[in-house]
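Q: I would like to learn how to read a structure such as this one. Please show it to me first.

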Number of protein chains: 2
Amino acid sequence: MADLIKKSAEEFAKEQKEISISEFFEKNKHLLGFDNPTKALLMTVKEAVDNSLDACEEAGVLPDITVKIKQTGEDRFRVIIQDNGPGIVKEQVPRIFGKLLYGSKFHRLRQSRGQQGIGISAVVLYSQLTTGSPTKVWSRTDEKKKVHYYELFINTSKNEPEIVKEEALDEGMERGVKVEIDVVGRYRKTQGVDDYMKQTSIANPFAKMIYHAPDGTKMTFPRSFDALPKPPKEMRMHPYGVEFGILQRFLTKTNSKTLLSFLTNEFSSVGTQTAKEICKTARLDANAKPSSLDRAAAEKLLGAMQKVKIQRPPTDCLSPIGEQELEKSLKKEYPQAEFVSVIEREPEVYGGMPFQIEVGVVFGNVGGLEEPIDFARIANRVPLLYQAGACATMEAVKEVDWKRYGLQQPKNSLPVGPMILVIHMTSVWVPFVSESKEAIAPYPEIVKEMKLAVQDAARELSRYLSGKRRAGEAKRRIQIFERYAKEVASSLSVITGEKENAIEKKLLGIIENKNKMKDFEQQEAVQPPQFAAAATAGKEKKEKPRQTEEE
Amino acid sequence: MADLIKKSAEEFAKEQKEISISEFFEKNKHLLGFDNPTKALLMTVKEAVDNSLDACEEAGVLPDITVKIKQTGEDRFRVIIQDNGPGIVKEQVPRIFGKLLYGSKFHRLRQSRGQQGIGISAVVLYSQLTTGSPTKVWSRTDEKKKVHYYELFINTSKNEPEIVKEEALDEGMERGVKVEIDVVGRYRKTQGVDDYMKQTSIANPFAKMIYHAPDGTKMTFPRSFDALPKPPKEMRMHPYGVEFGILQRFLTKTNSKTLLSFLTNEFSSVGTQTAKEICKTARLDANAKPSSLDRAAAEKLLGAMQKVKIQRPPTDCLSPIGEQELEKSLKKEYPQAEFVSVIEREPEVYGGMPFQIEVGVVFGNVGGLEEPIDFARIANRVPLLYQAGACATMEAVKEVDWKRYGLQQPKNSLPVGPMILVIHMTSVWVPFVSESKEAIAPYPEIVKEMKLAVQDAARELSRYLSGKRRAGEAKRRIQIFERYAKEVASSLSVITGEKENAIEKKLLGIIENKNKMKDFEQQEAVQPPQFAAAATAGKEKKEKPRQTEEE
């Protein structure tokens, strides 16, 4: 029975074939974030702007970026993005735009917006799939040089650029890159390009951006800081984040002659002392040739690398927005807000990767009173607009007991109130839950740190809110005191025999002093004993209006 | 200012580099489902077993699969999987196991478990990353031929197999493939390999599987059907699912000489009449050469292809489990259950792709009484164990108003009760939300169809439950009737003058007849008028015990 095969191994073999990464993502475009037209339009702008900001920042240029979206058909849009960055050399243009998994950011550990080498070429792929149009690119690296102009597609079965047109132009633009991409999309005012532009401006206060929306509106996002942030440094891998297969590869490829120099050269935070201790713990000769280590020895080495106490990774590879910068940025964007506060935590580590969390709180006159708070998630200065439910930030915010900080919170939900919460994660490698980079994977270390940061910020908010509540209370007490002053004066007049008018005047004088509403509670404690009765009367009464307010 | 560049385009260019897909997934292994040790162990078994089942089914062999997991260290496992399939020819072994994005299933539209060419090589990648061990593969395509034995790694920077050892053995196994893979993992009884094996057996009733769990337990899953399902046919693309870029490529590459033959040859469900109508609607010459169509003409053609009414795609490309087969399978797996019912819907279409939904309900003596129902999600006969929250099935189940069908349901949650719900989706292309294929993307057409299927099944369950309730009610009424029979007889004796004993006997006789509990309601309606009072007494009383039951 088992011998009757309808299709032989040889027949199977004829069908086996390589699949190019472009074909793969063409068929799985939802993995790249192109699963609906609104998102597709957003992704188009986002990938181009993120690249421009990365290039400007790395080249040390204050970014000047223009985004233009024109509606060219019922569901067709032309997106034009231009920057003042370093430009791209002629030979690199086709591959950067016309080849997936190509770039400068994947093979290093350095904080940047892009990290995968997929983004902009995915946009080109989506553009040709939905509109059949080539992507147009202009690049100029120097005003003394020509403008390189390309029209290109991706050859999906080869994952290689297919150049349709190529020209050297004498003029037409200054230094930088300009792209023009046609896509099938949809323009929405919320959770789309407008939100992305606004949040990008908050997270990149040193960038100037001009945005022409498809409906004709022109928005200018000026710089709120005139200097680039301190550039993040590239780092080596931290021993705590190394896996066995990686260690084996490092051992084979290193130029270091001894295990000791291997450890200090290839990994971050390992000095000679630590390297010696690792060798000792692993019972390996510090002078051994790295490539001579066999499997068992490599396993011992890895064990020791993860057992020995090693310094945290360096933090100069992180470039957060900054407390002052983020606060200024938020105040610029929400001038009507009552209260703005920013928390920047110390760097922390997950799987050997350093990361840092910043949280901003904007309260009052923003969002709806009875609605869930607005929530901006940002990773390496890039706003994340989708998949909030899968994001570490959401987990952290829901885990906080917001009632303790004066906000209502339905079970397992965002708190309710006129508030915007901003969470920013900076890292040399942000672990995203999908290629579309819409949500941060909820590693326990990351969620914990975000929660602590949010609690820090919530405490500041709570202090502000209770100050506000106290002020309101003091005012109410005074009003009650004023209301009863005449009666109290009359009673005191009977008891003391003094004139009612004189007593009332004195009473109101006291109130006037207190009207400054400073240290009301303390003053109350030291007031003369003869007024205790009146004060108590006020105290008893005060409960009522407070309850009314809560109803 | 803008001219002072710290890093030039030339310097950037030096850093630009190709990223291999293996490197990409090595750094992003969570995208492939290897984000925790429990899942990693499951993925290892799953990818190998899915491949074995696909190969056996396509070769027309009744699958006989053995899965062995041995714990070899604190967090180390050795997984051995052997099948009786067609085997793999020598030359293909290295690439199938040692190269990502390689396979026979991606470039065709045919229902199968695998579809991406990533699965088993991802396991090899994870294995070498976490344990540094090569994967061992034995393959024999015919008992007259030798066994090909390989030990291999993936060269991640090239995404090519790296062969460590290669041998031709004379014996050691019969026809088929055997793999041995070491991984870092964790063994859990729930949401792991055990659940996967059980659900796989339910969805593949024609497969025999033997499973040796790491704790020494041996489980045998026998066949409940001795025949393979009807093999699904390969299909061509349906015009409704075509995108512009794809159409352009088809137009260039086709061998068809005219637009008319292009349409009938390259697409499914397009006959000569439909093809003529498409040309007419597009105002294009049916005899035009396909490659001669320019952009504007291609756009008109696509518009017409999506406007003209075209038959649904063929359904012979779908191979569901089958109503009888699934029911038998569920009864075999849950012999203690009170009630089992299976619904198979007619095929439907999303984005030009045919798909079909089957739903099974197992009720009573399974799961907890007060707990959410157990929920098995299956896609092309493969159980999905993670990311339920992101899955179309979950959306569908939550959208059903379960109270209408007699089950409790907390808001926005799964219903509560002793029940197992199985949802199976069959398609030539299941849209998964990530490479790890854990959840079905919630396309509206898919969710809608799943909801309808679940409602169909829930109606059957509801009928069963109300029958059960009626039976319980009837029984209670009879008990009351018996309790009051003596009193009623005494009253009737006074009224009619007949003997009390005789009346009681008659009354109890009636009850005995009714004791069969059949058509109680109907008999009640036609009973002799003199018994109306007694019946009514019983009716009034019956409310009480029912309320008690509900408390």
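**Two copies and their parts**

A: Chain A can be laid on chain B by a turn of 180° and a shift of 0.1 Å along the axis, with an RMSD of 0.3 Å; the superposition is by least squares on the C-alpha atoms of residues with pLDDT of at least 70 in both. The two copies are thus related as by a two-fold rotation axis. This is a predicted model, in which local features need pLDDT of at least 70, side-chain atom pairs count only at pLDDT 80 or more, and totals for chains, interfaces and linings use all residues. Residues are numbered from 1 along each chain as its sequence is written, chains are lettered from A and ligands numbered from 1 in the order in which they are written, and side-chain values use heavy atoms, with hydrogens and water left out.

Q: Why do the copies meet through the same surface?

A: Because 99% of the interface residues of chain A are also interface residues in chain B. Contact means heavy atoms within 4.5 Å.

Q: Which residues of helix 11 of chain A are buried?

A: An α-helix has 3.6 residues a turn, so residues three or four places apart point the same way. In helix 11 (residues 323–333; helices are DSSP runs of H or I, at least four residues, and strands of E, at least two, numbered from the N terminus), the buried residues are A:Leu326, A:Ser329, A:Leu330 and A:Glu333. They lie on the same side of the helix, because their arc around the axis is only 95°, taken from the directions from the helix axis to the C-beta atoms. Among the elements covering them are helix 6 (193–203) and strand 10 (218–221) of chain A.

Q: Is B:Ser434 buried or exposed?

A: Buried means under 20% relative accessible area, exposed over 50%, and partly exposed in between (1.4 Å probe, protein chains only). B:Ser434 has 7%, so B:Ser434 is buried. B:Ser434 touches A:Leu31, B:Leu31 and B:Gln387, not counting residues up to four places away in sequence.
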